[in-house]
Amino acid sequence: MNAQTQMKPSAILEKDITPSGNDYEVVRRAIEKISLDYRDQPSLEVLAEEVGETPTGLQKLFTRWAGLSPKAFLQAVTLDHARRLLDSGLPLLEASLEVGMSGPGRLHDLFVTHEAMSPGDYKMRGAGLTIRYGYHISPFGIALIMVTDRGLAGLSFNDPGEEQAAFADMSGRWPNANYVEDMGATQPYAARIFDPARWRADQPLRVVMIGTDFQVRVWEALLRIPLGRARTYSSLAADIGEPKASRAVGAACGANPISFVVPCHRALAKSGALTGYHWGLTRKRAILGWEAGQLSAG
């Protein structure tokens, strides 16, 4: 059945699954102001006027959303901070090893167990696959979540009014799949993904990767980047044994269908600049700043 004909926008956003409510629209506008004018270090009063809030109201809302004040968030999304994320020192990894965790540090991060569909399955472009989908309010706008019986297959973000475009973008990756609207199936994933209190090693999030062999290798490398760190495209290319393929790695990051969980937002240019992000640079800054708040709270 055609994916577009199964779209049922009337069922969108039946339940707000985020702990702090839908603050993202105001926060997004503040982040855009910060992003454009960060060299001028806009004051709380200037930011509040930009988004139509009082300074006190914005301070409370922003801190509730990010775990950081607007000033601290501003510091967390500067180029200098991004360069520090790329620093060769890995204190988070060292701390994780001290408490007996193996592999890259996940003291404050999602625990993910993943598998990949075979190249043959991928070439079928979703034929024989049932994908259940639903829309949920998240800390980063509206999240479109897609799941199979093997786990989470897709997570994208959009702003209000862009639901149809988000569905077309995601379903176009696997056009031969059977799409079924089922928020009952996707809601547990939404609640698990966006609530750090539920990031537990004994309850890992199941993820299934549907892509080419090269893309899957890149996405697996992204999963090895701990929260609070970042990698360059060239270092990711070296990590998968393809040191000359940094452009292709960048393309694979852009094609990542499981945003946030497979953290393509932690891939940066060699300079530390936040280059292209499929769901918008403002959202990339929002996620990195939000993660800084989770580390601060932890």
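Helices here are DSSP runs of H or I with at least four residues, strands are runs of E with at least two, and both are numbered from the N terminus. With that in hand, show the whole chain as a cartoon: there are 13 helices and eight strands to find.

Before you zoom in, note that this is a predicted model, in which local features need pLDDT of at least 70, side-chain atom pairs count only at pLDDT 80 or more, and totals for chains, interfaces and linings use all residues. Residues are numbered from 1 along each chain as its sequence is written, and side-chain values use heavy atoms, with hydrogens and water left out.

**The whole chain**

Try colouring by accessibility. Of the 298 residues, 51% count as buried, where buried means under 20% relative accessible area, exposed means over 50%, and partly exposed is in between (1.4 Å probe, protein chains only). Contacts are worth a look too, a contact being heavy atoms within 4.5 Å. Among those between residues at least 6 apart in sequence, 68% join residues at least 24 apart.

**Stop 1: H1 and H2**

Select residues 24-37 for H1 and residues 44-51 for H2. Two packed helices are described by the angle between their axes and the distance between the axes. Here the angle is about 130° and the axes are 9 Å apart. The axes are lines fitted to C-alpha atoms, for helices over the stretch in contact, and angles run from 0 to 180 degrees between N-to-C directions. That angle makes H1 oblique to H2; on this scale, angles under 35 degrees count as roughly parallel, over 145 as roughly antiparallel, 65 to 115 as roughly perpendicular and the rest as oblique.

Which residues make the contact? Show sticks for Val26, Arg29, Ala30, Lys33 and Ile34 on H1, and for Val46, Leu47, Glu50 and Val51 on H2. By class, this contact of H1 with H2 has six nonpolar, no polar and three charged residues. The classes put Ala, Val, Leu, Ile, Met, Phe, Trp, Tyr, Cys and Pro under nonpolar, Asp, Glu, Lys and Arg under charged, and the others, Gly among them, under polar.

Stay on H2 and highlight its buried residues, Leu47, Ala48 and Val51. Looking down the axis of H2, you will find them within an arc of 100°, so they line one face of the helix; the arc is that of the directions from the helix axis to the C-beta atoms. Add H3 (55-66) and H4 (70-76) to the view, since the buried residues of H2 pack against these two helices and H1. Just after H2, click on Gly52, where phi is positive at about 75°.

**Stop 2: H10 and H12**

Next, select residues 213-223 (H10) and 246-254 (H12), whose axes come within 9 Å and cross at roughly 80°. The two helices are therefore roughly perpendicular to each other. On the H10 side the contact uses Phe214, Gln215, Val218, Trp219 and Leu222, and on the H12 side Ala248, Val249, Ala252 and Cys253. The residues of this contact divide into eight nonpolar, one polar and no charged.

Within H12, Val249, Ala252 and Cys253 are buried. Turn the view down the H12 axis: these buried residues fall within an arc of 100°, so they line one face of the helix. Their cover includes H10, H11 (233-239) and S8.

**Stop 3: two positive phi values**

Most residues other than glycine have a negative phi, and most peptide bonds are trans. Phe260 is not a glycine, yet its phi is positive, about 70°. Find Phe260 in the loop between H12 and S8 (267-268). Is Phe260 buried or exposed? With a relative accessible area of 3%, Phe260 is buried.

Now jump to Arg125, in the loop between H7 (119-123) and S2 (130-138). Its phi is also positive, near 55°. At 43% relative accessibility, Arg125 counts as partly exposed.

**Stop 4: H13**

Finish with H13, residues 281-297. Leu281 is in this helix and is partly exposed, with a relative accessible area of 31%. Not counting residues up to four places away in sequence, Leu281 touches Leu274, Thr275 and Gly276. Select Glu32 as well: its C-alpha atom is 9.2 Å from that of Leu281, although the two residues are 249 apart along the chain.

Also in H13 is Gln294, which counts as buried at 17% relative accessibility. With the same sequence neighbours left out, Gln294 touches Ala66 and Pro196.
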